[in-house]
Amino acid sequence: MANVVVIGAQWGDEGKGKITDLLSKSADVVVRYQGGVNAGHTVVVKDQTFKLHLIPSGILYPDTECIIGCGTVIDPKVLIEELDQLTAWGISTKNLLISETAHVTMPYHRVIDRAAEEKRGTHKIGTTGRGIGPTYADKSERTGIRIIDLMNPESLKKQLQWAVAHKNGILEKLYGLPPLNTDDVLEEYLAYAKRLRPHVVDSSLKIYDAIRRKRNILFEGAQGTLLDLDHGTYPYVTSSNPVAGGACVGTGIGPTMIDRVIGVAKAYTTRVGEGPFPTELYGEQGAQLCDRGAEFGTTTGRQRRCGWFDAVIGRYAVRINGLDCLAITKLDVLDEMDEIEVCIAYELDGQRCEDFPSDARKFARCKPIYKTMPGWNCSTDACRSLDDLPKQALDYLKFLAELMEVPIAIVSLGAKREQTIIVEDPIHGPKRALLYTNDAPHTVNV
């Protein structure tokens, strides 16, 4: 039995959806612990592409129980659209459970989110405009509406009478926007409540019961470490805690119940939205990474900024999350590169810096110090074991593992499930993985 947390080790968009999908095959329960519809997972099964925003990708396995934990914020309209889409694909959603204490994104959250971002002008932070930040803000202010409130019509009506009136004041006076109608919002959300009611549970109790029964549980976050509200590149961050510690708060279990933490990182680096990005590439190489990697956001469709692998933020992710293994994704995107740069440290105000600076102003002044690695100039799409990889590709993985001081358990070489080298199953396998020493890498057949 193993309880495993899967987190993004960069700025999100690392391919967590595919890795979660792969590990879900060995999991009995998959739990989403934070974020909202500002996140997206893309999973390719055979020739079919599934894009999910709230529902864990474990839903693609009929016997896997999927739980949306209390740390998420739920837009019921989007959630119901996902349920309908899954049904249209012939996928059962009977195993989906929703935390009764998760907070709900309301119409005024979305409107305020977009209006506030527009008003920031040159100081915009790159929000998706989906209302996530304002939903978490109401949660912190203790004025939020939770799933459990949707289930009680009288309580919901009373809450909305105050909330809509309060938000209308902001919409009209601060942003010059038209007010919302309380009755319209109430009618809309009562319809959502009726549809979602069969899925609503005390999720913390459900998860604890699964742990007591020694079931394998996979905890998945959205976004990535560098977008964490407390530990990311503030203020260019999300409104919750994607780091591994967020799994406990966002599901209602204690830290002693987590067995392993696997970090997902691309073989290069991307980020969406505003903020410093030391290894960003602006020319032909950046465009090549974007094109080969299909670097467009699942949720927004925005083009991602692309750059070389940054081992400084990688080591930071290892430290902040307590990573004990890695999944490296999109190695195939580098197949046509003659040379590959890896950022091993920064130059900051004339001094070498090997640790991630907490001050965003310092981070913006960081210049990458690179080590050049030879490319392999051949396709890795069909590689299914480490022995299949070109020597230069294997050397590249070895170098990344040494820089981050953590073993590599999974290597992804494309979007499809079968385009994967599983060195170690982090759920069922022993705590061994692709360990690099002066000897040849040791592999485990799974």
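Which residues does Lys-139 touch, not counting residues up to four places away in sequence? Figure 1 takes up that question, and the other views follow from there. Please keep in mind throughout that this is a predicted model.

**Figure 1. Lys-139 and its surroundings in the predicted model.** Beyond residues up to four places away in sequence, Lys-139 touches Cys-70, Gly-71, His-103 and Gly-144. To find Lys-139, look in helix α4, which covers residues 132-141. Lys-139 counts as partly exposed because its relative accessibility is 30%, and partly exposed residues are those between the buried limit of under 20% and the exposed limit of over 50%. An unreviewed UniProt entry gives the feature "active site" at Asp-13, His-41 and Lys-139. From this set, Lys-139 is included in the lining of the second largest pocket.

**Figure 2. Asp-13 and Gly-40, a pair with a UniProt annotation.** The annotation "binding site", again from an unreviewed UniProt entry, covers Asp-13 and Gly-40. They span 28 residues in sequence, but their C-alpha atoms are no more than 8.2 Å apart, so they gather at one spot. Asp-13 belongs to the loop between β1 (3-8) and α1 (16-24), while Gly-40 sits in the loop between β2 (29-32) and β3 (41-45). Asp-13 is partly exposed, with a relative accessible area of 26%, and Gly-40 is partly exposed at 27% relative accessibility. Once neighbours within four places in sequence are set aside, the contacts of Asp-13 are Lys-266, Thr-270, Val-272 and Arg-304.

**Figure 3. An open sheet of ten strands.** To follow the sheet across, read the strands in the order β9-β7-β5-β2-β10-β1-β11-β15-β19-β20. The pairing in this sheet is mixed. Why do β9 (200-201) and β20 (420-422) each have one side without a neighbour in the sheet? They stand at the edges and each has a single partner strand, so one side of each is left free of a neighbour there. Elsewhere in the sheet, β5 (residues 65-68) and β7 (residues 96-99) pair in the parallel sense over three bridges. One place to look is Ile-67, whose bridge partner in β7 is Leu-97.

**Figure 4. Strand β15, a mostly covered strand.** How many of the five residues of β15 (residues 325-329) are buried? The count is five of five. In a regular strand the side chains alternate between the two faces of the sheet. In β15, Cys-325, Ala-327 and Thr-329 point one way, Leu-326 and Ile-328 point the other way, and all are buried. Strand β11 (residues 260-266) runs parallel to β15 and is joined to it by five bridges; Ile-262 has Cys-325 as its bridge partner in β15. Strand β19 (residues 408-412) also runs parallel to β15, with three bridges between them, and here Leu-326 stands opposite Ile-408.

**Figure 5. Inside the largest nonpolar core.** This core has 63 residues, and those that touch the most other members are Val-5, Phe-219, Leu-331, Leu-334, Leu-389 and Tyr-396. Helix α13 (residues 391-404) supplies the largest share of this core, nine residues. A second, separate core has 58 residues, among them Leu-79, Ile-91, Tyr-136 and Val-185. For a closer look at the largest core, start from Phe-219. Not counting residues up to four places away in sequence, Phe-219 touches Asn-3, Val-4, Val-5, Val-6, Val-31, Tyr-33, Ile-207, Ala-247, Thr-251, Ile-253 and Ile-258.

**Figure 6. Ile-369 in strand β18.** Strand β18 takes in residues 367-374. Ile-369 counts as partly exposed, at 23% relative accessibility. Its contacts, leaving aside neighbours within four places in sequence, are Val-342, Cys-343, Ile-344, Ala-345, Tyr-346, Glu-347 and Arg-352. Ile-369 and Arg-352 lie 17 residues apart in sequence, with 8.5 Å between their C-alpha atoms.

**Figure 7. Cysteines without disulfides.** A search of the whole structure finds zero disulfides. For Cys-248, the closest cysteine sulfur is in Cys-70 and lies 11 Å away, too far for a bond. For Cys-378, the closest cysteine sulfur is in Cys-383 at 7.2 Å, again too far for a bond. Cys-248 is buried, with a relative accessible area of 13%, whereas Cys-378 is partly exposed, with 33%.

Conventions
Residues are numbered from 1 along each chain as its sequence is written. This is a predicted model: local features need pLDDT of at least 70, side-chain atom pairs count only at pLDDT 80 or more; totals for chains, interfaces and linings use all residues. Side-chain values use heavy atoms; hydrogens and water are left out. UniProt positions are given in the numbering used here, feature names are shortened, and annotations may be inferred rather than shown by experiment. On a 1 Å grid over the protein atoms alone, a cavity is a set of points where a 1.4 Å probe fits but cannot get out, and a pocket is an open set with protein on both sides within 12 Å along at least five of seven lines; lining residues have an atom within 4 Å of a point. Helices (H or I, at least four residues) and strands (E, at least two) are DSSP runs, numbered from the N terminus. Buried means under 20% relative accessible area, exposed over 50%, partly exposed in between (1.4 Å probe, protein chains only). Contact means heavy atoms within 4.5 Å. Two strands pair if DSSP finds at least two bridges between them. A disulfide is a pair of cysteine sulfur atoms within 2.5 Å. A nonpolar core is a set of buried Ala, Val, Leu, Ile, Met, Phe, Trp, Tyr and Cys residues joined through side-chain atoms within 4.5 Å.
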